[in-house]
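Trainee: I would like to learn how to read a structure like this one. Could we go through its features together?
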There are 2 protein chains.
Amino acid sequence: MIIREGTDAVESGMVCPAPMLDEGHVLLAHGSGGTLTHRLIKQVLLPRFRNELLEPLHDGAVFFAAGRRFAFSTDSYVIDPIFFPGGDIGSLAVNGTVNDLAMCGADPLYLSAALIVEEGFPMAQLERIVESMERAAREAGVRIVTGDTKVVDRGKVDKIFINTSGIGLVDYGAEIDPRKARPGDKIILSGTMAEHGMAIMSVREGLEFDTELRSDTAPLNNLVAQMLRTSREIHVLRDPTRGGVATALNEIAESARLGIEIREESLPLSEPVQGACEILGFDPLYVANEGKLLAVVEAEHAEDVLRTMRRHPMGRDAAIIGEVVADHGGVVLMRTTIGSSRIVDMLSGEQLPRIC
Amino acid sequence: MIIREGTDAVESGMVCPAPMLDEGHVLLAHGSGGTLTHRLIKQVLLPRFRNELLEPLHDGAVFFAAGRRFAFSTDSYVIDPIFFPGGDIGSLAVNGTVNDLAMCGADPLYLSAALIVEEGFPMAQLERIVESMERAAREAGVRIVTGDTKVVDRGKVDKIFINTSGIGLVDYGAEIDPRKARPGDKIILSGTMAEHGMAIMSVREGLEFDTELRSDTAPLNNLVAQMLRTSREIHVLRDPTRGGVATALNEIAESARLGIEIREESLPLSEPVQGACEILGFDPLYVANEGKLLAVVEAEHAEDVLRTMRRHPMGRDAAIIGEVVADHGGVVLMRTTIGSSRIVDMLSGEQLPRIC
């Protein structure tokens, strides 16, 4: 693997130092998905919006209507660059909300698409993005049924931001909830880590590797459907996007008030991504994924679920990476390859702004 | 009425000339809600997203699930300034989506809130906006159940943009659809025009009038519920936001392939707003409203519906402003106070960027 062009890649790869807090202003790290995002949500948003549907801090809300359970989720996409190897802001926006619904155990049905476009944005790029959204929706089996377009004067938004919201039916009979992890449950990761983040990073820094780093953006709803047909004893599902696998595991540990132990050698990681992470100084545990999921599964069902996942194109490299433990509640520990243990914290600071 | 401070208000009040089309780029007018927005939707978005739910070009999509009809709507708010007399971007974002759902004949249930915030944005303003959203949600009787927060580096977004999406149950037994207008139907406007747009304009231009111009931002779902309990023969509902009453009427005429005739002297308009429009050179028919609706109602039911509306705080100044006619399909005609007729076109160009 060779870096053909390099700027100050290693420096930019460093996680920003724990931000010097001017608590009076919003910082980039408030959008990182890590510690400051959680603080913002808990201190500013939750106390005002408090209600029992919002409380679980899931990827979406689950509510009853007409005697059925629905999931409802929203996400804004502000990624830079808007086109990248493996996808673009359009496919990312569709897959992202499809996946958030799937993580609620829902079958995604309908999506909305709201575009905020900068004056002067090339129409051909807009068309390409819209086509990409439609293609992604078709692949995921959802329909984009309502939308909105705003145009903002030049310099007031960076090219294009897209919000997608989505509705799904929670119909598989499983009770997916981050609070439902139990000691002994196995933790499965559906495939190799850090591909989305490193693909974005390589484009931003103008790096070229022998093997192109491609985003893993993909819809996970079909994989989830297969998993839930295999076992209803899947307790938690989460897609490790902003903040990566480490942050998602911390969220699960915190919600369940239980500990998590993972084994370093079991973490699926492709060689090119591992190499890029080493060169750029990133810990793949903290780098965003857009086509991977974490599943917390009752121990006796874990091997069955794993087999199902490995038969699916989105889960070929799935692996059991650890388990839920009764000790050290809220803390994620990793047994390293050299046999020691280290605490895997939630992402603090901002690693990669505008990664999704 | 006195303008105490004035810049080049009259000039800025002019509608931009029909844009010199560089068809290869997105123009501000593509977000106006008028002609170019429609062209963008019809030429770029619809051909790709084509499906029967999106087709009616309603304020939201109506779909069946679990044997019931649901409405689903989305809107992004990019208004500048974010605080204005009568409201702020937070209350506007909640009321706007509540109203879009109400215009589908739905009872709004749940909202999502997705914030895109500029790095360095004052935390105190964020708290004020979030509180305003919560208050607006409480007033409308909806709950904000899921959300997302992104932070974008300084200069890549202007302060704060908010997307709200919403879900409602269509339960009143009426069939609201812009294609359902019939010749002879009466057109009711729920109150005085142009208040939101002129309030924003007065802040932007630093104008002060004797009577403060306040945005009319308000939830219309309760008014709609009362109306639909009075008559199921309400055929169309639409809130005349971007592009104003003129643009909304044109959309209805176009969808129904029928003509519309309105009478100038019947149009509700407050004296301060009329004065401000005259001074600044705005036609109130094209100025945005955020707490008003247009209803197309079966003639024999119109007086009943009107009475119901006038008893409601949001409909005190409601008036029958015209009717649907079989002639001049797709065209809106206005009988002026001096007895002549003029065509009321859809807004072309962009009158007030970032009005919502």
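Mentor: Happy to! Let us start in chain B, where Arg39(B) sits in helix H2, residues 35-49. Helices (H or I, at least four residues) and strands (E, at least two) are DSSP runs, numbered from the N terminus. This is a predicted model, in which local features need pLDDT of at least 70, side-chain atom pairs count only at pLDDT 80 or more, and totals for chains, interfaces and linings use all residues. Residues are numbered from 1 along each chain as its sequence is written, chains are lettered from A and ligands numbered from 1 in the order in which they are written, and side-chain values use heavy atoms, with hydrogens and water left out.

Trainee: Is Arg39(B) buried, exposed or partly exposed?
Mentor: Arg39(B) counts as partly exposed, at 31% relative accessibility. Buried means under 20% relative accessible area, exposed over 50%, and partly exposed in between, using a 1.4 Å probe and protein chains only. You can also look along the chain: Arg39(B) and Asp107(B) are 68 residues apart in sequence, and their C-alpha atoms are separated by 31 Å.

Trainee: How are the two chains related?
Mentor: In general, two copies of a chain are related by a rotation about an axis and a shift along it. Here, a turn of 180 degrees with a shift of 0.0 Å along the axis lays chain B on chain A with an RMSD of 0.0 Å. The copies are superposed by least squares on the C-alpha atoms of residues with pLDDT of at least 70 in both. The two copies are thus related as by a two-fold rotation axis. In chain B, Val157(B) has the C-alpha nearest that axis, 2.1 Å from it. Both copies use the same surface, since 100% of the contact residues of chain B recur in chain A. Contact means heavy atoms within 4.5 Å.

Trainee: What is the overall make-up of chain A?
Mentor: Chain A has nine helices and 14 strands. For 356 residues, a compact globule would have a radius of gyration near 21 Å, and the 19 Å of chain A agrees with that. The radius is taken over C-alpha atoms, and the globule rule is 2.2 Å times the number of residues to the power 0.38. The C-alpha trace of chain A spans about 55 × 55 × 45 Å along its principal axes, and 63% of its 356 residues count as buried. Among contacts in chain A with a separation of 6 or more, 85% are between residues 24 or more positions apart.

Trainee: Which backbone angles should I look at?
Mentor: Most residues other than glycine have a negative phi, and most peptide bonds are trans. In chain A, a cis peptide bond joins Asp80(A) and Pro81(A), with omega about 5 degrees. Pro81(A) lies in the loop between strand S2 (68-77) and strand S3 (83-84). Chain B has a cis bond between Asp80(B) and Pro81(B), again with omega about 5 degrees.

Trainee: What is the phi of Ala66(A), and what is that of Ala194(A)?
Mentor: Phi is near 50 degrees for Ala66(A) and about 75 degrees for Ala194(A). Ala66(A) is in the loop between strand S1 (61-65) and S2 of chain A and is partly exposed, with a relative accessible area of 27%. Ala194(A) is in the loop between strand S8 (186-189) and helix H5 (195-204), and is buried at 0%.

Trainee: How many residues of H5(A) are buried?
Mentor: Eight of the ten are buried, so H5(A) is largely enclosed by the rest of the structure. Among them are Glu195(A), His196(A) and Met198(A). Gly206(A), which follows H5(A), has a positive phi near 65 degrees.

Trainee: Where is Lys159(A) found, and which residues is it in contact with, leaving aside neighbours within four places in sequence?
Mentor: Lys159(A) is in the loop between strand S6 (143-152) and strand S7 (160-170) of chain A. Leaving those neighbours aside, its contacts include Asp80(A), Ile82(A) and Phe121(A). Lys159(A) is partly exposed, at 26% relative accessibility. The C-alpha atoms of Lys159(A) and Gly120(A) are separated by 8.6 Å, although the two are 39 residues apart along the chain.
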